[in-house]
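Please look at the chain as a whole before turning to its parts. The report below then takes up a few places in it, one after another.

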Amino acid sequence: MSSYAPPVQRLVTELSKLPGIGTRTAQRLAFHILRAPDSDALGLADAIREVKERIGLCEVCFNLTDQPRCRICEDPRRDHSLICVVEEPGDVIPMERMHEYSGVYHVLGGALSPIDGVDPEDLRIAELYVRVAGAGDEPAVREVVLATNPTTTGEATALHIAHELGRRAPDVTVTRLASGLPVGSDLEYADEVTLGKAFAGRRSL
Ligand SMILES: [Zn+2]
């Protein structure tokens, strides 16, 4: 049993739910927060509350936004006929950092993994097909770039979507980022030079 006062134990328990944070680190963070000035500690609490209250998913691409549509979807200078498909909202950031991509995005919300019970209907794949089919006020889609992670699940997801798009929308070019990204890693951690090369060298599927 814990010898901490219940509120301290609660904080340790909540912090240890964060990815990469074990019990020891959670304890260290909890004591740091306890020592911190009230303004810093409550600022952290407020920031967490605010993102949970104000940030939702874009109704078009499912990226994070505090509006119905994200800034990228709302930007008329972006090429809305080019859609880059990524797994998570965090994957949009390295693509944007590269400054070479001028299209829009589609965030799947994960990757296919039958072992973990993640099937196509658990991701925003059907919504991608609707966009490609030209529903709504978006212009016709010319190319879909599959930028899922170079992992087993990311590759499986890219192949599944490429196959379905080939059947449903044979006129749309479907490409995959070139190899060169470290295999088994997440797009999120790719540097912009590597990602830029992978994007420039993307190949048709
Ligand atoms: Zn959007």
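What follows describes a predicted model, beginning with the whole chain and going on to a metal site, a pair of helices and some single residues.

**The chain as a whole**

The chain has 205 residues, of which 40% are buried, and it contains eight helices and seven strands. Taken along the principal axes, the box filled by the C-alpha atoms is roughly 65 × 35 × 35 Å. If one counts the contacts in the chain with a separation of 6 or more, 56% of them join residues 24 or more positions apart.

**The zinc site**

A zinc ion is held in the model by the SG atoms of Cys58, Cys61, Cys70 and Cys73, which are its protein donors and lie 2.3 Å from it. Along the chain these donors follow the spacing C-x2-C-x8-C-x2-C. What is the arrangement of the four donor atoms around the zinc ion? Because the angles that they subtend are 103 to 118 degrees, the arrangement is tetrahedral. Of the cysteines at this site, cysteine 58 and cysteine 61 are both buried.

**Two helices that pack together**

Helix H6, which covers residues 125-132, packs against helix H7, which covers residues 152-168, at an angle of about 35 degrees and with the two axes 11 Å apart. The crossing in which H6 passes H7 is right-handed. On the side of H6, the residues that meet the other helix are Ile125, Leu128, Tyr129 and Val132, while H7 brings His160, Ile161, Glu164, Leu165 and Arg168. Sorted by class, this contact of H6 with H7 has six nonpolar residues, one polar residue and two charged residues.

**Single residues in helix and loop**

Most residues other than glycine have a negative phi. The table lists two residues that have a positive phi although neither is a glycine.

| Residue | Phi | Loop |
|---|---|---|
| Phenylalanine 62 | about 70 degrees | between strand S1 (56-57) and strand S2 (64-65) |
| Histidine 99 | about 60 degrees | between helix H5 (92-97) and strand S4 (103-107) |

Are these residues buried or exposed? Phenylalanine 62 counts as buried because its relative accessibility is 13%, whereas histidine 99, at 71% relative accessibility, counts as exposed.

Valine 8, which lies in helix H1 (residues 6-15), has a relative accessibility of 16% and therefore counts as buried. From valine 8 to valine 60 there are 52 residues in sequence and, C-alpha to C-alpha, 41 Å in space.

Key:
Residues numbered from 1 in each chain as written. Predicted model: local features only at pLDDT ≥ 70, side-chain atom pairs only at ≥ 80, totals over all residues. Heavy atoms only, no water. Donors = N, O, S within 2.8 Å, 3.2 Å for Na, K, Ca; no water. Tetrahedral: all angles 85-135°; square planar, octahedral: opposite > 155°, others 65-115°. Buried < 20%, exposed > 50% of the residue type's maximum accessible area, 1.4 Å probe, protein only. Axes fitted to C-alpha atoms, helices over the stretch in contact; angles between N-to-C directions. Helix = DSSP H or I, 4+ residues; strand = E, 2+ residues; numbered from the N terminus. Left-handed = near helix turned anticlockwise from the far one by under 90°. Contact = heavy atoms within 4.5 Å. Nonpolar A, V, L, I, M, F, W, Y, C, P; charged D, E, K, R; others polar.
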